[in-house]
Amino acid sequence: INDGGKCKYYIKTLTIDDVIDETTKFALTNYPTLIAVVIPDEKLYCKQYGFIENENNDLQLNKLLTYIGNNKKTIVIDGNYNFENDITIHSNITLEFINVSINSEANVSINGIIKSDLRKIFDVSGNLNIRRSNNTIGYPEWFGAVCGDGNMNCENAINLCLTLFPTTILQGGNYYINDTIYMTTPNTILKGISNLSGIVMKNDNKKIMFVGAESKPATVNDFPKYFTVENIILNRNTLDYLDGSQGLHTQYVLYSRFKNIKCRESAKNFTINGVVSTKFIDCTSFNTTTAERDSSRTIIGYRITGYEAIGLAGNNASLYIENCNASCGGIIYDNSWGLNASGNFGLADIFINKFESNFTKIGIELSGNHLSTGDDIYITECVIDAFKEHGIYVHDFKSGNINISGNYVAPSSQASTPSNFGYRILNFKGNMSLTNNQAVCLSSIYCVPISLENCNTIKSENNMINEAGRAMRIENCSCVQANDIF
């Protein structure tokens with residue numbers, strides 16, 4: 001049989017029930033009562049079954065799929081094959097790619113397992129559907145992304161991979177994009193294989209990455225759930241970013257985690273809107289600030305806000321900021337924050353622990369805008385170093401329950417005059433515990449270590465005030481207990 005010696009056969013007697021198919025059975029010319037039937041291998045190479053490179057192979061594929069039936073087999077894609085009609089690969093079939101790709105103008109559905117190294121294997125202009133339960137990990141390279149190539153725009157490949165696979169893995173280098181990465185499919189993970197895995201935005205007008213829902217779902221339980229982003233650097237290819245530009249923007253998510261994300265050189269490196277039961281762990285915000293650049297621009301490391309009736313008690317419910325950092329390198333801009341949280345409808349269940357801010361005008365600011373409550377907010381064990389105007393600043397809440405404990409603040413040599421504040425509580429009506437904190441004022445006559453203004457029901461106790469050039473300030477307050485150490 002002229003098959004190049006690639007197949008094995010068994011010989012059987014031809015019966016009236018046998019159908020001669022050139023793909024699976026061959027009549028033996030010299031023995032017309034006998035036929036040779038293919039003994040299928042585990043791996044079936046397309047060329048072996050008549051596929052032709054760079055041509056339409058719809059007929060060949062249909063014959064091969066019919067031949068396989070319900071048996072578990074691997075089809076080896078060993079050439080660049082074109083298809084014009086819709087393709088469906090069932091779950092009993094594994095596709096293994098060898099330096100080639102599937103090119104289809106129609107729809108492709110793959111329910112089986114995909115195996116390939118890191119290169120482009122899909123060029124599909126129709127809809128591509130991949131069964132996520134059988135393919136848990138995907139790579140942007142399969143859709144044309146090239147790590148480390150600044151001339152390549154990889155956003156389409158990354159976005160498609162995030163849609164089709166539960167987990168998308170980035171290699172240890174930069175993927176350059178010209179449009180936003182959208183992560184909107186629940187139960188999705190984006191992960192870098194090392195601390196050097198990065199996404200670089202080339203368009204100054206675009207946010208780098210969006211996670212969640214763009215419009216508000218009907219209820220909290222309808223929020224998209226279980227997003228994870230880990231070990232990723234989000235950067236821009238220029239320091240001249242626009243005011244309002246965003247790095248990572250997450251909105252309306254539930255039960256999600258962001259770990260070891262480094263956002264650099266956006267006006268708002270992290271924007272967090274109306275999230276529930278979500279954690280930011282070991283994340284870093286950084287901006288380069290030099291005298292040569294526009295010092296009037298706004299820089300916010302972490303911008304936290306929300307919307308009406310989100311969460312169990314307000315805008316954000318159980319938002320955790322743990323061991324995160326926001327720093328600027330160079331001079332301190334007049335509109336710069338490490339963390340800024342505000343909301344007209346309330347801030348609730350926010351836990352800021354071991355946060356660090358350096359070289360910003362304000363380290364941590366919580367603003368109620370005179371309208372909202374601040375329920376169950378904890379600021380603990382944070383380090384606010386080299387601030388210009390405020391270390392920790394809480395103001396304009398009509399009610400609330402806030403705990404500020406175990407923190408350290410110190411002003412910069414660039415600190416504001418005539419006054420700057422270590423801990424400032426202004427226009428706060430609620431219950432606050434301000435305990436076991438430390439303020440190091442560097443003997444500055446301009447630094448007010450603790451300032452309580454127009455407040456009620458505050459316990460200020462065991463706060464250590466070092467090198468203070470001015471006294472603690474208490475003005476127009478009621479129900480204040482102060483027992484601090486100077």
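Which strands form the open sheet of four strands, and in what order? Before selecting them, note that this is a predicted model, in which local features need pLDDT of at least 70 and side-chain atom pairs count only at pLDDT 80 or more, while totals for chains, interfaces and linings use all residues. Residues are numbered from 1 along each chain as its sequence is written, and side-chain values use heavy atoms, with hydrogens and water left out.

**The open sheet**

Select E4, E5, E8 and E11, which in the order E4-E5-E8-E11 make up the open sheet, with parallel pairing. At its edges are strand E4 (43–45) and strand E11 (114–115), each of which pairs on one side only. Strands, labelled E, are DSSP runs of at least two residues, and helices, labelled H or I, are runs of at least four, both numbered from the N terminus; two strands pair if DSSP finds at least two bridges between them. Inside this sheet, strand E5 (residues 73–77) and strand E8 (residues 93–97) run parallel and are joined by five bridges, and Ile75 has Leu95 in E8 as its bridge partner.

**The whole protein**

Now show everything: the secondary structure comes to two helices and 43 strands. Of the 486 residues, 54% count as buried, where buried means under 20% relative accessible area, exposed means over 50%, and partly exposed lies in between (1.4 Å probe, protein chains only). Among contacts with a separation of 6 or more, 64% are accounted for by residues 24 or more positions apart, a contact being heavy atoms within 4.5 Å.

**Ser197 and Asn231**

Next select Ser197, which lies in the loop between strand E18 (188–192) and strand E19 (198–201). Ser197 counts as buried because its relative accessibility is 0%. Its side chain reaches the backbone oxygen of Gln171 at 2.8 Å and the backbone nitrogen of Ile193 at 3.2 Å. Not counting residues up to four places away in sequence, Ser197 touches several residues, including Leu170, Gly172, Asn231 and Ile233.

From there, move to Asn231, placed in strand E21 (residues 227–236). At 16% relative accessibility, Asn231 counts as buried, and its phi is near 60°, a positive value in a residue other than glycine. Most residues other than glycine have a negative phi. A second residue to select for its backbone is Asn427 in strand E39 (residues 420–435), where phi is near 55° and likewise positive. Asn427 counts as partly exposed, with a relative accessibility of 21%.

**Val211 and Gln246**

Which strand holds Val211? Val211 is found in strand E20 (residues 209–212), and it counts as buried because its relative accessibility is 0%. Leaving out residues up to four places away in sequence, Val211 touches, among others, Met183, Phe227, Leu248 and Phe258. To see a separation in sequence beside one in space, select Ser256 as well: Val211 and Ser256 are 45 residues apart in sequence and 9.9 Å apart in space, C-alpha to C-alpha.

Strand E22 (residues 246–251) is the place of Gln246, which counts as buried at 14% relative accessibility. Leaving aside neighbours within four places in sequence, the contacts of Gln246 include Lys206, Ile208, Arg236 and Thr271.

**The nonpolar core and the cysteines**

Select Phe280, Ile321, Phe355, Val394 and Ile404 together: of the 99 residues in the largest nonpolar core, these touch the most other members. Such a core is a set of buried Ala, Val, Leu, Ile, Met, Phe, Trp, Tyr and Cys residues joined through side-chain atoms within 4.5 Å. Then keep Val394 alone, which, neighbours within four places in sequence set aside, is in contact with residues including Leu366, Ile402, Ile404 and Phe428.

How many disulfides does the structure hold? The structure holds zero disulfides, a disulfide being a pair of cysteine sulfur atoms within 2.5 Å. Select Cys263 and Cys283 to see one case: the sulfur of Cys263 is 7.5 Å from that of Cys283, the closest cysteine sulfur, and this is too far for a bond. Cys324 is in no disulfide either, the nearest cysteine sulfur, that of Cys283, being 4.5 Å away. Cys263 is buried, with a relative accessible area of 1%, and Cys324 counts as buried at 1% relative accessibility.

Definitions and conventions:
A polar contact is a pair of N or O atoms within 3.5 Å; within protein, one must be able to donate a hydrogen and the other to accept it, and residues adjacent in sequence count only if both atoms are side-chain atoms.
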